[in-house]
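Me: I have a structure here that is new to me. Can you walk me through a few spots on it?

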Amino acid sequence: MSDREALTLTEDDLDEPGIIEGHMLHDVQAQVAPVAVLCFFQELLEQLVSEGVLKPVYTLRSELGHNPVYEYVSEHGTVCVVHPGVGAPLAAAITEEMTAVGVTTFVACGGAGALVDALALGQIMVVASAVRDEGTSFHYAAPSRIISADPLGVRVLAATLQEMHTPYFVGRTWTTDAFMRETRGRVQRRIDEGCSMVDMESSAFIAVASYRHLRFAQLLYAGDSLAGEVWDYRNWDNAREVRERLFHAAARGALALHRA
């Protein structure tokens, strides 16, 4: 048996439908906008709900419980907003379910670990590509080491951030399933491949979007840091101003991408 035959992730069955698909989980078509923000900031979502900015319009369900889908009405238009869960498998499944209820354009916004010293807390990256160190994407795209985001989404998010006078850069992330196995050697190898940040979902998002013919783009901000000899937490999950700014950029960018 060859190495390729030994790895189940390299099996080629992309032309076969799944036995379970998103539309099977929803008996009725949800009344949601066709544009969605996949927002990882649970505390921000709770704040915006309490302020009346977000209105629940639908509910997804899993073993974690109920996951509300919200409506957000801005001066630029209306989007729906949902937390995509943590990790590639759940994020891919929630994207699939949102697609099943009518969403065709997605922008994700979240935090990531900084791999290089130059990235201060809060610096924003438009994801252009990802190193695939997770398993989910291989069920949606042929095996490869790196997967590239849709250039249209990258251009639209870059233009949106420019219009908002928000500093950013375009870069590559490393997507991994095991954040407690980010060894020093592996971090250095990802840096050598051009990765600036590390996350747990990006390569899967890109693969699902391509497979389902969706419009997708993603924003990440530099949170904790793996760039030094020891991990620096940097209180990254309390960067409320950065998170709120990123959410609004994602909503505005998603609407622009939908219209592009």
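**Charges, bridges and a helix**

Reply: Starting with D13: this residue sits in the loop between α1 (3-6) and β1 (35-39). Keep in mind that the model is predicted.

Me: Is D13 buried or exposed?

Reply: D13 has 35% relative accessibility, so it counts as partly exposed.

Me: Which residues gather with D13 in a patch of charge?

Reply: E11, D12, D15 and E16 gather with D13 in a patch of negative charge on the surface.

Me: Salt bridges next. How many are in the whole structure?

Reply: A search of the whole structure turns up 8 salt bridges.

Me: Why would side chains pair like that?

Reply: Side chains of opposite charge can pair when their charged atoms come close.

Me: OK, which residue does R186 meet in a salt bridge?

Reply: D133, with 3.0 Å from N to O. The pair links distant parts of the chain, since R186 is in helix α5 (residues 184-192) and D133 is in strand β6 (residues 124-133), 53 residues apart.

Me: How accessible are R186 and D133?

Reply: R186 is at 30% relative accessibility and so counts as partly exposed. D133 has a relative accessible area of 25% and is partly exposed.

Me: And what does E193 pair with?

Reply: One partner of E193 is R145, with the closest N and O atoms 2.6 Å apart. E193 lies in the loop between α5 and β9 (195-199), and R145 in the loop between β6 and β7 (146-148), so this salt bridge ties together parts that are 48 residues apart in sequence. E193 also meets R190 in a salt bridge, at 2.8 Å from N to O.

Me: Which of these residues are buried and which are exposed?

Reply: E193 and R190 are both buried. R145 counts as exposed because its relative accessibility is 51%, and the cut-off for exposed is over 50%.

Me: Where is there a network of salt bridges?

Reply: A network of salt bridges links E21, E96 and R212.

Me: Changing topic: how many residues of helix α6 are buried?

Reply: In helix α6 (residues 202-211), 8 of the 10 residues are buried, so the helix is largely enclosed by the rest of the structure.

Me: Which ones?

Reply: The buried residues of α6 are S202, S203, A204, F205, I206, A207, V208 and A209.

Me: What comes just after α6?

Reply: H213, just after α6, takes a positive phi of about 60 degrees.

How values were computed: Residues are numbered from 1 along each chain as its sequence is written. This is a predicted model: local features need pLDDT of at least 70, side-chain atom pairs count only at pLDDT 80 or more; totals for chains, interfaces and linings use all residues. Side-chain values use heavy atoms; hydrogens and water are left out. Patches are made of residues with over 30% relative accessible area and no salt bridge: like charges are joined within 9 Å, nonpolar side chains (Val, Leu, Ile, Met, Phe, Trp, Tyr) within 5 Å. Accessible areas come from the Shrake-Rupley method with a 1.4 Å probe; for residues, only the protein chains shown count as cover. A salt bridge is a side-chain nitrogen of Lys or Arg within 4 Å of a carboxyl oxygen of Asp or Glu. Lys and Arg count as positive and Asp and Glu as negative; His and the chain ends are not counted. The place of a charge is taken as NZ of Lys, CZ of Arg, CG of Asp or CD of Glu. Helices (H or I, at least four residues) and strands (E, at least two) are DSSP runs, numbered from the N terminus. Buried means under 20% relative accessible area, exposed over 50%, partly exposed in between (1.4 Å probe, protein chains only).
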